[in-house]
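Open the model in your viewer and keep the sequence panel beside it. The tour below goes from one selection to the next.

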Amino acid sequence: MEAVPKPGSNVPPKKDKLQGKKKKPRRYWEEETTPTAAGASPGPPRKRKRNRELRPQKPKNTHSAKKSRISQKPQVPKKPRERRSLGPQRSLSGAQDPFAGPAPVPVEVVQKFCRIDKSKKLPRSETKIRSRLEAAEAQEEEISVKAARSELLLAEEPGFLEGEDGEDTAKICQADIVEAVDIASAAKHFDLNLRQFGPYRLNYSRTGRHLAFGGRRGHVAALDWVTKKLMCEINVMEAVRDIRFLHSEALLAVAQNRWLHIYDNQGIELHCIRRCDRITRLEFLPFHFLLATASETGFLTYLDVSVGKIVAALNARAGRLDVMTQNPYNAIIHLGHSNGTVSLWSPAMKEPLAKILCHRGGVRAVAVDSTGTHMATSGLDHQLKIFDLRGTFQPLSARTLPQGAGHLAFSQRGLLAAGTGDVVNIWAGQGKASLPSLEQPYLTHRLLGHVHGLQFCPFEDVLGVGHSGGITSMLVPGAAEPNFDGLESNPYRSRKQRQEWEVKALLEKVPAELICLDPRALAEVDVISLEQEKKERLERLGYDPDTKPPFQPKPKQKGRSSTASLVKRKRKVMDEEHRDKVRQSLEQQPQKQEKAKPMGARPSALDRFVR
């Protein structure tokens, strides 16, 4: 008999609906899955089975088993984590970053911004002080690297005037330069015809935006020379010998015939300082808030404008003082005298820090560049000399001028301007902190009157000249620094920003006692003064408070603080200290060189006793 077939046995199996679906494309962030077996449904990923051998088997009667405080899991040693490779890391897409990490910075660029001399080794000091010095060095190195990276943001580059083949740039007139430059730069060249109240002295603010000038017959004015907006204009009805902006363009110091007067930007007189009389020259130290004045009586006076007190009044003992300038690098005042010398002064000393014999006749003008490296002087012997201020004070170059220079000025990039009569000559060097070449002038310009004041405008290729006929603004390509620090001297700051900067500058004011020839010496230790102070303290107290006190063992309990144990512990510490002293003395002694033995000599048993 034939067996009855089971129902549904000949029916072909139905295709799995999931198997007929298209395969989902893999995304770049998903891992590649292994291909499934044929006929198996690609369902959701299964969970990985844990190793059951490591699990403790539970007893069947769990209700009768007591809970144990000790874990039943066997201790499996953990695998050490693999350190990530420091090489280029891969992203989610699997692509390799070709620019992994920060971009490398050239060593030459970093050294340009580095202010620490690493050739000097750190002194032997305590661990805490040494760690602070090392942290300061690391911070300075990080700052120099950041400054080198941010140099790419300085978009402006210094320009320069270049003539054609064989053309002398000194023959190029200001009219030709005005025609060649853009409209904004051409508007910076102008002439103010003020013959009625001349001759004039002038001064630019630190931001280079405002200009103040004063005439010998009492005319005083201040203006925004870029927009030609007049701030104030008054007549003091008295001779004006010099004029200077203070820490901002809101205050103005005017040296009048008799006393020193302070005005605001509206022309209102705020102060009349009668202790400063018969002033001939003014200089303002911005980081110290000091106004230095030179008088006919031969006194150099320092006035602190933040508190209104005279810090120092020094007698130069050289007669009338009418030649004065400041070193922007270290805030030292340079005075020129009639005996041909230039003296360097600081308010912390009653005597000059140095005296330099510059000329055979009297000194007519002195100027110092922005880096404090070079000093230019001119005298009655018609000589123009440039001196090195880096400790040697020796002349580097000299030139004889037909009439002699009555006024000198350095630009931010090292250009030297000299006013001889009614002609202004400008000499240029290779760049900032380079020596100007006195062989051939870079530019020459003839004025309508004799020169009485010179100053380069900060952050602008402009030279301001005050003469007997008024004020002239010359265009000097390549004279100024093209990029300015917005947190220090911002020409476009608002009134609120100026107030905030003024408060910050007052908080960071440098004391007048710190003015010296080498500002880097302030960070070093004065060993001679320190030893002298220590000796005086030792004589005053009768003992040295810095010496280490003798070791005193701490008392212990349970009879372990007996006299014998205390003496034993003291002896142990004394032996350790003695051992350290002997080890240090042996390290300091020079190693004795062994005598060279002749070649082929046989060793002897007595060599062990040779010392």
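What follows is a list of stops in a predicted model, each with something to select and a note on what is there.

**The whole chain**

Begin with everything shown. The protein has 611 residues, and 35% of them count as buried. Colour by secondary structure to bring out eight helices and 28 strands. Then switch on the surface: the accessible surface comes to about 43,800 Å², with 52% of that belonging to carbon and sulfur atoms. Among contacts between residues at least 6 apart in sequence, 45% join residues at least 24 apart.

**Helix 3 and its neighbour**

Select residues 127–149, which make up helix 3. How far apart are the end C-alpha atoms of helix 3? They are 33 Å apart, which agrees with the span expected for 23 residues at 1.5 Å a residue. Now show the side chains of E140, S144 and A148, the buried residues of helix 3. These buried residues pack against helix 2, so add residues 107–113 to the selection, since they form helix 2.

**A salt bridge between distant parts**

Stay with helix 2 and pick K112. K112 forms a salt bridge with E151, and the closest N and O atoms of the pair are 2.6 Å apart. The two residues are 39 apart in sequence: K112 belongs to helix 2, while E151 sits in the loop between helix 3 and helix 4 (174–180). Is K112 buried or exposed? K112 counts as exposed, because its relative accessibility is 55% and the cut-off for exposed is over 50%. E151 is partly exposed, at 26%.

This is one of 19 salt bridges in the structure. Side chains of opposite charge can pair when their charged atoms come close.

**Two salt bridges within helices**

Go to helix 6, residues 495–507, and select R498 and E502, which lie four residues apart, about one turn of the helix. Their side chains meet in a salt bridge, with 3.7 Å from N to O. R498 counts as buried at 15% relative accessibility, whereas E502 is partly exposed at 22%. The two fall into separate classes because the cut-off for buried is under 20%.

Next, move to helix 8, residues 563–588, and select D580 and R583. About one helical turn separates them, because they are three residues apart in the helix. D580 and R583 form a salt bridge whose closest N and O atoms are 2.9 Å apart. Both ends are partly exposed: D580 has a relative accessible area of 39%, and R583 has 42%.

**A network of charges**

Select R201, D242, R244 and E283 together. Salt bridges link these four residues in a network.

**A buried phenylalanine**

Which loop holds F289? F289 lies in the loop between strand 10 (279–285) and strand 11 (290–295). F289 is buried, with a relative accessible area of 2%. Show what surrounds it: leaving aside neighbours within four places in sequence, F289 is in contact with H247, F284, L303, D304, V305, S306, A505, L506 and K509. Draw a distance from F289 to S306, C-alpha to C-alpha, and the viewer should give 6.3 Å; the two are 17 residues apart in sequence.

**A strand hairpin**

Select residues 407–410, strand 22, and residues 416–420, strand 23. The two strands pair in the antiparallel sense over four bridges, and A409 stands opposite A417 in strand 23. They form a hairpin with five residues between them. In the turn, G414 has a positive phi of about 90°.

Now look at the side chains of strand 22. In a regular strand the side chains alternate between the two faces of the sheet. Here H407 and A409 point one way, L408 and F410 the other way, and all are buried.

**A nonpolar patch**

For the last stop, return to the surface and select V525, V527 and L530. They form a nonpolar patch with about 280 Å² of accessible area together. V525 is in the loop between helix 6 and helix 7 (527–541), and it counts as exposed at 61% relative accessibility.

Key. Residues are numbered from 1 along each chain as its sequence is written. This is a predicted model: local features need pLDDT of at least 70, side-chain atom pairs count only at pLDDT 80 or more; totals for chains, interfaces and linings use all residues. Side-chain values use heavy atoms; hydrogens and water are left out. Buried means under 20% relative accessible area, exposed over 50%, partly exposed in between (1.4 Å probe, protein chains only). Contact means heavy atoms within 4.5 Å. Accessible areas come from the Shrake-Rupley method with a 1.4 Å probe; for residues, only the protein chains shown count as cover. Patches are made of residues with over 30% relative accessible area and no salt bridge: like charges are joined within 9 Å, nonpolar side chains (Val, Leu, Ile, Met, Phe, Trp, Tyr) within 5 Å. The expected span of a helix is 1.5 Å times one less than its number of residues. Two strands pair if DSSP finds at least two bridges between them.
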